[in-house]
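Biologist: Could you bring up the model, so that we can go through a few places together?

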Amino acid sequence: MSDTLDGRPAAGLKVLFVASECAPFAKTGGLADVAGSLPKSLRLRGIDARVVMPLYRGIAWDALDVLDGALSVPIGGGISRGRVRLGHLPRSDAPVYFLEHHHYYDREYLYGSPTDAYPDNLERFTFLSRGALQLCKALGWHPDIVHANDWQTALVPVYVDTVEWAQALHGAATLYTIHNLAYQGVTDRGALFLTGLGPEHDNSGEFEHFGTLNLTKAALAHATLVTTVSPTYAREIQTPAYGYGLDGVLRSRAGDLFGIVNGIDREEWNPATDPHLPARFAASDLDGKAVCKAELQKEAGLPVREDVPLFGLVARLVPQKGIDVLAHALDRLLDLDLQLILLGTGDPEAESFFAQVSDEQGDRFRAWLEFNNGRAHRIEAGCDFFLMPSRFEPCGLNQLYSLAYGTLPIVRATGGLADTVRGYDEARGRGTGFSFHDLTPGALFDTVGWAVSTWYDRPQHVESMRREAMAEDFSWQHAAAEYERLYLLAYERRRKHPFAPTRGLSSTPGVPAPSRPVRPPARQRTAGSARKRGRLRA
Ligand code: ADP
């Protein structure tokens, strides 16, 4: 595939990436990893990609520059005011604009407590979505593409298509990415006024969905293009089984819906450099992996045995991850000659079940019921196999980490798992993992049994699959090239002409200010202030 639709470089393309979380600043899931990585890779391609996110509690506020001036955002019938701070993605010049609003964002959690979402989430994320566009206008920086992600920023494509119509951001194309369709931003229809949009939008082609107000549905109606995080999930969500009620809407946009598999951050997940490991290794020298296995067995209080296959699982303990299926298969699995380490937090019943089995069968099963990044790394490195019996999996990152660490994933063939793991071909000893289709304890047991028999009977196949897995390339460079291709397509759809690198070209009549060469935003020191400041108004 050429880098761009017309084979020309997309230098000068301006992309605003709006997200409710972004690693390393704030993270609850895979969206944060995408927001923290993709913009960096886009910038390496000459694209002026910038991020907007809320300034949550827990972010190092004082390390950020404060931009002068207030940000005014229409909310309901009034105006809500905030400020903007500026930072950068680590090891990059990618600007991150943090919207500061104490009442909305200076809270313990991002979206709500483990049991209850914050009741004013619509207002909070209206401020983010509309605020991101207000910010662009205040900066005088008009993006060619606004890339919104999940329900928290679902209003972005709606605003660009409505209140920005014939205004400064009219020329912006919008891309809406679904990271997990199970979360859609559903609330009472009466709350629509908070968005500042009129009752004419309360219809079944936009916000109204079976008597509720559904932000994702409105985004699907207005976005120039829609993406999700794997091609298989893009197909699955068009079916009733995976569509969470929006499959019909998604089918109606089938021609505009694309799947792009996430990359992994090789600075964070690389067995040759990983600081969390007791020893490092690479495909060319796997000695370090054996050390990691022995140390992991010690850390988990399991017998240190090189000859037994060690299985790992790291996940949120929720139905999406097929934890119930594992629980039903666990007794039989632990009758096989294997060891299993589980790391996860989530449903209290699941936690107490696994804690009990861990107590009873501590010679072969260990449950660590905590969030522990170091242990997640050590499980990926020290295990021989990795379990992901997911009910659905938009992309999944853990199987990608497993491949990179030579730990063969055992996955249910759904979503991104189906797209990234190549099932074992026993005749040729090829493949990068094991996959199964039926979400049943029997199918999981049979597949684990297949892996165990491969371990004992065909060790040369485990070795060759390991090398094959470690040779896979799930880098962000590849995903960024795919996004760039879609940005150019979205641009052309919106403007009715292809993107032309604008260096040296004058602006097209009716189209906002010409692109300038990529340059980090101006920073200046204000006399009398120790803190670096920029300006909100250009
Ligand atoms: P999802 O986003 O659905 O939770 P992914 O596989 O896409 O699933 O990403 C999960 C991320 O969270 C991975 O980086 C994984 O290592 C990490 N993770 C999940 N649970 C834990 C835990 N208990 N401790 C440490 N890391 C965890």
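Biologist: Which strands each supply at least two residues of the lining of the largest cavity?

Modeller: Those are β14 and β17, with β14 giving the most, at three residues. Strands here are DSSP runs of E with at least two residues, and helices are runs of H or I with at least four, both numbered from the N terminus. A cavity is a set of points on a 1 Å grid over the protein atoms alone where a 1.4 Å probe fits but cannot get out, and lining residues have an atom within 4 Å of a point.

Biologist: Before we go on, what kind of model is this, and what are the ground rules?

Modeller: The model is predicted, with local features needing pLDDT of at least 70 and side-chain atom pairs counting only at pLDDT 80 or more, whereas totals for chains, interfaces and linings use all residues. Residues are numbered from 1 along each chain as its sequence is written, and side-chain values use heavy atoms, with hydrogens and water left out.

Biologist: OK, how much space lies in that largest cavity, and which residues line it?

Modeller: About 50 Å³, where a volume is the space filled by probe spheres set on the grid points, and points are joined across faces, edges and corners. The lining consists of L313, V314, A315, K321, I323, L387, M388, P389 and S390. By class, seven of these are nonpolar, one is polar and one is charged, given that Ala, Val, Leu, Ile, Met, Phe, Trp, Tyr, Cys and Pro count as nonpolar, Asp, Glu, Lys and Arg as charged, and the others, Gly among them, as polar.

Biologist: How many cavities of 30 Å³ or more does a search of the whole structure find?

Modeller: The search finds three. The second largest has a volume of about 40 Å³, and its lining is F311, L333, L334, L338, L340, L387 and V448. That lining holds seven nonpolar residues, with no polar and no charged ones. L387 is in the lining of the largest cavity and in that of the second largest.

Biologist: Back to β14, then: what is the order of strands in its sheet?

Modeller: The sheet is open, with six strands in the order β16-β15-β14-β17-β18-β19 and parallel pairing, where two strands pair if DSSP finds at least two bridges between them. β16 (365-368) and β19 (434-436) are the edge strands, and each has a single partner, so one side of each lacks a neighbour in the sheet. From one strand to the next, the twist averages 15°.

Biologist: Which helix packs on that sheet?

Modeller: Helix α11, residues 373-382, packs there, touching β14 (310-317), β15 (339-346), β16 and β17, with contact meaning heavy atoms within 4.5 Å. The direction of α11 makes about 145° with that of β14; axes are lines fitted to C-alpha atoms, for helices over the stretch in contact, and angles run from 0 to 180 degrees between N-to-C directions.

Biologist: And how many bridges join β17 to β18?

Modeller: Four bridges join β17 (385-388) to β18 (408-412), and the two run parallel; F386 has P409 in β18 as its bridge partner.

Biologist: Changing topic, is β2 buried or exposed?

Modeller: Strand β2 (48-54) has seven of its seven residues buried, so it is largely enclosed by the rest of the structure; buried means under 20% relative accessible area, exposed over 50%, and partly exposed in between, with a 1.4 Å probe and protein chains only. Both faces are covered, with D48, R50, V52 and P54 on one side and A49, V51 and M53 on the other. β2 pairs with β1 in the parallel sense over five bridges, and V15 has A49 as its bridge partner.

Biologist: Any backbone oddities? Which peptide bond is cis, for instance?

Modeller: The bond from A23 to P24 is cis, with omega near 5°, and P24 is in the loop between β1 (14-18) and α1 (30-44). Most residues other than glycine have a negative phi, and most peptide bonds are trans. R91, however, has a positive phi near 55°, in the loop between β5 (78-88) and β6 (95-100), and R91 counts as exposed at 62% relative accessibility. K496, not a glycine either, has a positive phi of about 70°, and K496 is exposed at 71%.

Key
1 Å grid on protein atoms, 1.4 Å probe; cavity = no way out; pocket = protein on both sides within 12 Å on 5 of 7 lines; lining within 4 Å.
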